[in-house]
Amino acid sequence: MEKANQSVVSEFIFRGLCNSRELQTFLFLPFSILYLMTIAGNLLVVSLIIADPHLHSPMYFLLANLSFVDFCLSSVTTPKLTIDFLKNNKTISFGGCMSQILCVHIFAGGEMVLLVTMAYDRYVAICKPLRYCSIMNRQKCILLVSISWIIGFVHAISQLAMILELPFCGPRIVDSFFCDIPLVIKLACMDTHTLGILINADSGALATSCFILLLVSYTYILVTVRLHSKDGASKALSTCTSHITVVVLFFGPCIFIYLWPLSITWVDKFLAVFYTVITPLLNPAIYTLRNKEIKNAIKRLINQHVDPRDNF
């Protein structure tokens, strides 16, 4: 009985994004460039915020953490995806698959909570500006970021615990480019319909609660500021546009994958690429292009290297 409960599948095979060998070879360069841009963009944001004293504030501390999470999330799946474009046999070990599941859910779950924390930061800054420094002090910021990591870790462990002991003894082809739980549990040698509902409910509960908190936060910001000034709503909207854009880009695919599963292969793959490859690239671009302080920090960095006299 003990052996029957153990997995006999030692590795899984990814089907990848497409079946065409020529198209896969063509996609290698674009995805390599996208990944390098993601790494460069997110590490640039983190480095600027650490190095520039003008950016040592709660908002930018949270932004640096968001960029670091995006860097980690992209690095879990994109390098493997890119290398597999050049391979005929796209395999991953059982342990590697479970590790990929764990890391994806740690970083994705942590990012959801971190986005809520950033919304709370904007609420305090806009609705309670006189108390902002006392409320969003250093200890509070570290605590909020720590909570996001803890929730992400607990969420990932709960997901992994539900599938780790499943018997995998037959089919081993995952119709994707990474180990996504809904696809992996389909390969188990047992009926996983109820388990699939539980797993989706677990992810759905976290995603839905975070999304509702975000909607409530930004709605309250706009309503509160509108009551105090005529053009207050537009100013608040301008301040929060970057945050709202990132929220939509991140939660949109998650809602479709976990809360409203379409079971259409090409749609699932597109959404998976979007939130693991595209979104981590867009986040630093959105904040950099729309944020004057970040752009000024880049200019100061460039001027410092162009004119060595600025160091004296």
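## Exercises on a predicted helical model

Buried residues (under 20% relative accessible area, with exposed over 50% and partly exposed in between; 1.4 Å probe, protein chains only) make up 47% of the 312 residues in the protein. This is a predicted model, in which local features need pLDDT of at least 70 and side-chain atom pairs count only at pLDDT 80 or more, while totals for chains, interfaces and linings use all residues. Residues are numbered from 1 along each chain as its sequence is written, and side-chain values use heavy atoms, leaving out hydrogens and water.

**Exercise 1.** Work out the order of helices and strands along the sequence.

*Solution.* Start with the inventory: the protein has 10 helices and three strands. Both are DSSP runs, numbered from the N terminus: helices are H or I with at least four residues, strands E with at least two. Now read along the sequence, and the pattern is β-α-α-β-α-α-α-β-α-α-α-α-α.

**Exercise 2.** Take two of the transmembrane regions in the UniProt record and describe their secondary structure.

*Solution.* First, the unreviewed UniProt entry places this feature at several spans, including residues 27-51 and 270-289. UniProt positions are in the numbering used here, feature names are shortened, and annotations may be inferred rather than shown by experiment. Next, check residues 27-51: the span is 100% helix and 0% strand, and its end C-alpha atoms lie 36 Å apart. Finally, residues 270-289 are also 100% helix and 0% strand, with end C-alpha atoms 25 Å apart.

**Exercise 3.** Describe the geometry and surroundings of the ring pair Phe68 and Phe71.

*Solution.* A search of the whole structure finds 13 aromatic pairs. Phe68 and Phe71 form one that is tilted, at 6.3 Å centre to centre and 35° between the planes. Rings of Phe, Tyr and Trp (its six-membered ring) pair if their centres lie within 6.5 Å; planes under 30 degrees apart count as stacked, over 60 as edge-to-face and the rest as tilted. Then look at the helix: the two residues are three apart in helix α2 (residues 58-84), so about one helical turn separates them. Phe68 is partly exposed at 38% relative accessibility, and Phe71 is partly exposed at 22%.

**Exercise 4.** Do likewise for Phe107 and Trp149, then place both pairs together.

*Solution.* This pair is edge-to-face, with 5.9 Å centre to centre and 90° between the planes. Phe107 sits in helix α3 (residues 94-127) and Trp149 in helix α5 (residues 138-163), 42 residues apart, so the pair links distant parts of the chain. Phe107 is buried at 13% relative accessible area, whereas Trp149 is partly exposed at 28%. To finish, ring pairs link Phe68, Phe71, Phe107 and Trp149 into a cluster.
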